[in-house]
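Please look at the following model with its ligand, and consider on what grounds each descriptive term is applied to it.

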Amino acid sequence: MTQDRQDRQSQDQRQSPGRSSRKRAEPRRIVVAVSAGIAAYKVPELVRELTRAGHAVRCVLTPRATHFVSPLVLETLTGHPASSSLFGTATPGSSDTTAAEIDHIALADWAELVIVAPATADLLARMTAGMADDLVTAVLLATRAPVLVAPAMNVNMWEHPATRANLETLRARGVRTVGPDAGELACGWEGQGRMSEPVAIAAAASLALGSDSLSGEVVLVTAGGTREPIDAVRSLTNRSSGRMGFAVAAEAARRGATVVLVAGATALPTPPGVRRVDVGSALEMRDAVLAELPDATLVVKAAAVADFRPANPQDRKIKKESLAEGGGIQLELVPNPDILAEVCRLTKEQGSHRVIVGFAAESHDVIESARRKIARKGCHLLVANDVSRSDAGFDVDTNAVHFVSPDGEVEDLPLLSKDEVAAHLLDRVAKIRDGLR
Ligand code: PMT
């Protein structure tokens, strides 16, 4: 059987309804198309990110891209030919690097996703025009797979009306983009034009691919802040918008999981395919989580749970007039139960293979605090975010997180959208699950 047929058979198996939830996710097939920009030096790292995530990767290059990254490096990392020629391209899966059969068509058909990284201004223009005069553009024209481009160029080229118009046309055709980021550019200019970091491109790839990797799983997510009542109208709460947890719930649903979202204070709409349970206080959140826990195979606790609550909440509004002239109120606070620690303890007692992920909102000593926290709570992964940053943590669309493992090992992610963090997190969760079962 050819590799191509094997790959397709695997895909058919993935789509069959009777598939066991315990089966490992099959590799997804990604073509990385490299064009001639200095950012090509990051492509080996991108390939490593994608293969680490379990994907099958093939690389193609424009002839000039070979000046920026060695095909040999890409061949070594993927275990497959990395060609820059329209003629004599080996078929996907062939170990014969000299095979003269084509083929850009086979490669275009094989791909479930094509990533163009870096995508230079010239390549974007040639894609827009529908050219097919080299292997990269021929694959791009022939493929029916989704295409994700990671632009990288000088800031003036990026801002040029021609590039803007090309991007608009490509987006209208369904092409997705990731980046570019702003910063110091290789050309000496400062501004937007840096190719996104490989980890961000890999996260965008996960989103573009879609996936049924969580089919058969029941994912319990908590999101938003708790509200601890002081009286009939006032409460203690925090700045959590719910965005991080909602992004995880939405992505888990897209990946085929049954998702229950226990939501604290938030104004967000329920993501499609998600069952939502609204709660107010930490005690209500605990009750809801423990009620849903027996069915849950994965738990992600992104909610910002108040550690303390007023000891004696009043049923009626506390009237200012009832206080002594100019006097204040003394609020006695009592500790709330630690829901995450309780979930970890119960899971251990039950000998369950449930995967549990906590978040950690830290304002300083982020990593060391998170290491201590994961040891205390006993979960499989802790996602630490620095909430003192204006572009991360509470009430923004982006987050910069660190995945902290029980052994103290840390994976740092760059600034990503919360959707991308969710995609990356669920890739990681699927791997933890595969290791446990
Ligand atoms: O909602 P957004 O605006 O998108 O913001 C996202 C976020 C900053 C809220 C999110 O990324 C985040 O960090 N969530 C965890 C906030 C938090 O409560 O951190 P913590 O370090 O205090 O708690 C650690 C873990 O224990 C968390 O998983 C928390 O849900 C859990 N916990 C905490 C206290 C408690 N009594 N019970 C718990 O289960």
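**Contacts, pocket and sheet**

Q: What makes the approach of Val305 to the ligand a polar contact?
A: In this predicted model, a backbone N or O atom of Val305 lies 3.5 Å from an oxygen atom of the ligand, and because a polar contact is a pair of N or O atoms within 3.5 Å, the pair qualifies. A backbone N or O atom of Ala361 lies 3.2 Å from an oxygen atom of the ligand, and a polar backbone atom of Arg243 is 3.3 Å from an oxygen atom of the ligand. Of the 770 Å² of accessible area that the ligand has on its own, the protein covers 96%.

Q: Where does the ligand sit, and which elements each supply at least two residues of the shell around it?
A: The ligand sits in the largest pocket. Helix H10 (243-254), helix H12 (339-349), strand S17 (355-362) and helix H13 (366-377) each supply at least two residues of the shell, to which S17 gives the most, with four residues. The ligand is surrounded by 28 residues, the closest being Ser240, Ser241, Lys373, Asn385 and Asp395; by class, the shell has 13 nonpolar, seven polar and eight charged residues.

Q: How do you know that S5 and S6 pair?
A: Strand S5 (residues 147-151) and S6 are joined in the parallel sense over two bridges, and because pairing requires at least two bridges, the two strands pair. Val149 stands opposite Thr177 in S6.

Q: Why are strands S3 and S6 left with one side lacking a neighbour in the sheet?
A: The six strands form an open sheet with parallel pairing, in the order S3-S2-S1-S4-S5-S6. Strand S3 (82-83) and strand S6 (176-177) stand at its edges with a single partner strand each, so one side of each has no neighbour there.

Note on methods: Residues are numbered from 1 along each chain as its sequence is written. This is a predicted model: local features need pLDDT of at least 70, side-chain atom pairs count only at pLDDT 80 or more; totals for chains, interfaces and linings use all residues. Side-chain values use heavy atoms; hydrogens and water are left out. A residue is near a molecule or strand if one of its heavy atoms lies within 4 Å of it. A polar contact is a pair of N or O atoms within 3.5 Å; within protein, one must be able to donate a hydrogen and the other to accept it, and residues adjacent in sequence count only if both atoms are side-chain atoms. Accessible areas come from the Shrake-Rupley method with a 1.4 Å probe; for residues, only the protein chains shown count as cover. On a 1 Å grid over the protein atoms alone, a cavity is a set of points where a 1.4 Å probe fits but cannot get out, and a pocket is an open set with protein on both sides within 12 Å along at least five of seven lines; lining residues have an atom within 4 Å of a point. A molecule sits in a cavity or pocket if more than half of its atoms lie within 2 Å of its grid points. Ala, Val, Leu, Ile, Met, Phe, Trp, Tyr, Cys and Pro count as nonpolar, Asp, Glu, Lys and Arg as charged, and the others, Gly among them, as polar.
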